[in-house]
Amino acid sequence: MSTVFHSAYYAFQLTKRAASDNAEKLTRSLFDATIDINPHQVDAALFAFESPLSRGAILADEVGLGKTIEAGLVLSQLWAERKRRILIIVPTALRKQWNRELYEKFSIPSQILEAKSFNARLKAGESPFALDDEIVICSYTFARNKATDIRSVSWDLVIVDEAHRLRNVYKKGAKIARELLEALANSPKLLLTATPLQNNLMELYGLSQFIDPHLFGDEASFRETFGSGAGDAQRLEELRRRIQTTCRRTLRRQVAEYIPYTNRIAFTHDFTPSDAEQQLYDRVSEYLQRDTALALPSGQRQLITMVLRKLLASSSFAIAGTFEVMAKRLRQTLAALKTVSELDLPSDYESFDEIADEWSADEDGDGSDDIAMSRTALQSEIKELESYRDLARSITQNAKGRELLVALNRGFEKLRELGAVKSSYFHGIAPDTVVRSATPTRWRLCRPNRTIQRFQQRC
């Protein structure tokens, strides 16, 4: 039974001061959370508060160690303290996952903000980002487009998931990262990434600019101090000393004593494309290598080429619709004799936004195509694109899809050898199969037949 006294005591527990390295700072706000918290996650959350988020922190645990949980611990405490102006910027494909996990694991409501909901709130006379009782979740591209609105809000915290997308902010061509850097300059930030460093030390410098632009000085100073002498032990130690104030990273081997990871066994399975698939690949590859492809805007040629190659490697079904879109765009151009300023890929290809966010090529094009377009050239390329579309549609089975079914059976056979599956429940790819993981206490119901049947229809 709750009384006024209980309410007052609960409020006192939530708001009383606690040292930033004291777990009591977090446990008071997690009464309703449905999560199993591990020690390294509590340590990471406390590390984030040590600033205390005056500038922010980078949580860079290895994949699978629960960076989302760590961010949730920080969110829960701020939420309990009535600091609820919180923005979460994530890749497009992760918006719903964050929305669901915040509610299911932390009982915190959130709203995914996109063009439709943004305009609806504006039409209703409301400030789209002024959600005092809901956390705002949006994509990188949306945040970039609404940078001015984001800058105008006094955020209590901004969380950026997959933050390695911002690592090239020091480059002139990284427009999204640069605009977000400016928009979030005055907001406390929590960057989440499993790969803060991928290619060179400059990426670490780029991420640090979001947390503390004065940590390493300007770009020239960083290059001079840590660039050429990166192999010098003394300089590396100085780099570690500086970055440890803003970045925390936990490795799997450090938590093996209390997190029993299932061993992963990888194997390869080769396949040979059919003649039609090989013909489609060769013809499209030749087309993408041209400098005069009218359907590819000059300012985005390399980016679009990368996306099309990913679609081509996926399946003939994935690429067929794209060729139709490209041909349609050129038909519209032919009708109006205008230049192609952009290419609209299928709306269900979520990976486009992700690739675009990470794209950092130093292209000087402005997005317009400076190739002189004649009716003859346009008509010729439209026919060519339509021939690619028709060839892709004529391929009713993909070799990769067929071989995937074989590879799945190989995987299930390996499970049997390892004793991960009870033989009385498993007989190849069968419906309603009960699969047991290597951990004896974990079971799950698998219905591969239904999934395989749908997959066979596509393959």
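Where is the place of N186 in the chain? N186 sits in the loop between α9 and β6 (189-192). The legends below treat a predicted model.

**Figure 1. The whole chain, as a predicted model.**
The chain holds 19 helices and nine strands. It has 459 residues, of which 42% count as buried. Its accessible surface comes to about 24900 Å². Carbon and sulfur atoms own 48% of that surface. Among contacts in the chain with a separation of 6 or more, 72% join residues 24 or more positions apart. The salt bridges number 20. Several of these appear in the close-ups that follow.

**Figure 2. N186 and S154, brought together in space across 32 residues of sequence.**
N186 belongs to the loop between α9 and β6 (189-192). Its relative accessible area is 76%. N186 is exposed because this value is over the 50% limit. The C-alpha atoms of N186 and S154 lie 8.1 Å apart.

**Figure 3. K175 of helix α9 and its distance to R144.**
K175 is part of helix α9. That helix spans residues 175-183. K175 and R144 are 31 residues apart in sequence. From C-alpha to C-alpha, the two are 8.8 Å apart in space. K175 is exposed, with a relative accessible area of 52%.

**Figure 4. The salt bridge between R84 and D133.**
Side chains of opposite charge can pair when their charged atoms come close. Here the side chains of R84 and D133 meet, at 3.9 Å from N to O. The pair links distant parts of the chain, 49 residues apart. R84 lies in the loop between α4 (67-80) and β2 (86-90). D133 lies in the loop between α6 (115-123) and β4 (135-139). Are the two partners buried or exposed, or partly exposed? R84 counts as buried, at 14% relative accessibility. D133 is partly exposed, at 48%. The two fall into separate classes because R84 is under the 20% limit for buried, while D133 is between that limit and 50%.

**Figure 5. E238 and R242, a salt bridge in helix α12.**
The closest N and O atoms of E238 and R242 are 2.9 Å apart. Both residues belong to helix α12 (residues 233-243). Why are E238 and R242 separated by about one helical turn? They are four residues apart in the helix, so about one turn separates them. E238 counts as partly exposed, at 25% relative accessibility. R242 is partly exposed too, with a relative accessible area of 23%.

**Figure 6. Helices α11 and α12 in contact.**
Helix α11 covers residues 219-227. It packs with α12 at an angle of about 130 degrees, the axes being 9 Å apart. The two helices are therefore oblique to each other. The angle lies between the 115 and 145 degree limits, so neither roughly perpendicular nor roughly antiparallel applies. From α11, the contact draws on F222, E224, T225 and F226. From α12, it draws on R235, E238, L239 and R242. Three residues of the contact are nonpolar, one is polar and four are charged. E238 and R242, the salt-bridge partners of Figure 5, are both among the residues of this contact.

**Figure 7. The E286–R290 pair and a network of salt bridges.**
The side chains of E286 and R290 meet in a salt bridge, at 3.1 Å from N to O. E286 is partly exposed, with a relative accessible area of 42%. R290 is partly exposed as well, at 24% relative accessibility. Which residues are linked in a network of salt bridges? The network links E324, R331, E386, R389 and D390.

**Figure 8. S107 and E162, two residues with positive phi.**
Most residues other than glycine have a negative phi. S107 is not a glycine, yet its phi is positive, about 55 degrees. S107 is placed in the loop between α5 (95-106) and β3 (110-112). It counts as partly exposed, at 41% relative accessibility. E162 is not a glycine either, and its phi is about 50 degrees. E162 is found in the loop between β5 (157-160) and α9 (175-183). With a relative accessible area of 27%, E162 is partly exposed.

How values were computed
Residues numbered from 1 in each chain as written. Predicted model: local features only at pLDDT ≥ 70, side-chain atom pairs only at ≥ 80, totals over all residues. Heavy atoms only, no water. Salt bridge = Lys/Arg side-chain N within 4 Å of Asp/Glu carboxyl O. Buried < 20%, exposed > 50% of the residue type's maximum accessible area, 1.4 Å probe, protein only. Axes fitted to C-alpha atoms, helices over the stretch in contact; angles between N-to-C directions. Parallel < 35°, antiparallel > 145°, perpendicular 65-115°, else oblique. Contact = heavy atoms within 4.5 Å. Nonpolar A, V, L, I, M, F, W, Y, C, P; charged D, E, K, R; others polar. Areas by Shrake-Rupley, 256 points an atom, 1.4 Å probe, with all protein chains shown as cover.
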